[in-house]
Amino acid sequence: MNWKTTLVSALAVGLLAAGPAPPPTPEPGRNPAKSCFWTHQVTSFASSDDRIVNVRVGVRDVYQFEMFGRCNDVDWTQKIGLVSRGSNYICQGLDAEILSPSTIGPQRCPVRTIRKLSAEEIKALPKRARP
């Protein structure tokens, strides 16, 4: 037996002794299951820039909406509208559109992605971005 065969045998025995590999763990803050909500469950919103809007759904849940582009003045407005496409059930970005008031009328801001934030992510949000 040469040294290469011995090394390969030792590695194989070590791998077998370790058992099967554990399943991959999801990234922190990422929920692998799809989370959906009804538009009437939205209670408040907050934004600290013109591309991200955080929406509170019910008492505990916060969803982060990322826009396709800039949604001018959404970070300082006092009210927004949430329009759903197809039904009043929102599961993904293309299901929703934000209406933000502007000097020339309501601005339509299509939503690119929506994700539910974890409790840790909600706590880490700056005060101005926390609904």
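In the predicted model, strand 5 and strand 7 (residues 96-100) pair in the antiparallel sense, the pairing extending over four bridges. One residue pair in this register can be named: Gly81 has Leu99 as its bridge partner in strand 7. In general, the strands of a sheet are joined through backbone hydrogen bonds, in either a parallel or an antiparallel arrangement.

The pairing of strands 5 and 7 belongs to an open sheet of six strands, whose order is 2-3-4-8-7-5 and whose pairing is antiparallel. Strand 2 (42-46) and strand 5 form the edges of this sheet, each of them pairing on one side only. When direction is ignored, neighbouring strands of the sheet are turned against each other by 35° on average.

With regard to the chain as a whole, the protein contains two helices and eight strands, and these elements follow one another along the sequence in the pattern α-β-β-β-β-β-β-β-β-α. The protein has 131 residues, of which 30% count as buried. Of the contacts between residues at least 6 apart in sequence, 51% join residues that are at least 24 apart. The surface exposed by the protein amounts to about 9000 Å², and carbon and sulfur atoms supply 58% of this area.

Two loop residues were examined individually, the first of them being Gly58, which is found in the loop between strand 3 (52-57) and strand 4. Gly58 counts as partly exposed because its relative accessibility, 30%, falls between the limits of 20% for buried and 50% for exposed residues. Once the neighbours within four places in sequence are left aside, Gly58 is in contact with Gln41 and Thr43. The C-alpha atoms of Gly58 and Gln41 are separated by 5.6 Å, although the two residues stand 17 residues apart along the chain.

The second residue, Asp73, lies in the loop that runs between strand 4 (61-67) and strand 5 (81-84). The backbone of Asp73 adopts a positive phi of about 65°, although this residue is not a glycine. With a relative accessibility of 34%, Asp73 likewise lies between the 20% and 50% limits and therefore counts as partly exposed. Strand 4 thus borders both of the loops considered here, the loop of Gly58 lying between strand 3 and strand 4 and the loop of Asp73 between strand 4 and strand 5.

Methods: Residues numbered from 1 in each chain as written. Predicted model: local features only at pLDDT ≥ 70, side-chain atom pairs only at ≥ 80, totals over all residues. Heavy atoms only, no water. Buried < 20%, exposed > 50% of the residue type's maximum accessible area, 1.4 Å probe, protein only. Contact = heavy atoms within 4.5 Å. Areas by Shrake-Rupley, 256 points an atom, 1.4 Å probe, with all protein chains shown as cover. Pairing = 2+ DSSP bridges. Axes fitted to C-alpha atoms, helices over the stretch in contact; angles between N-to-C directions.
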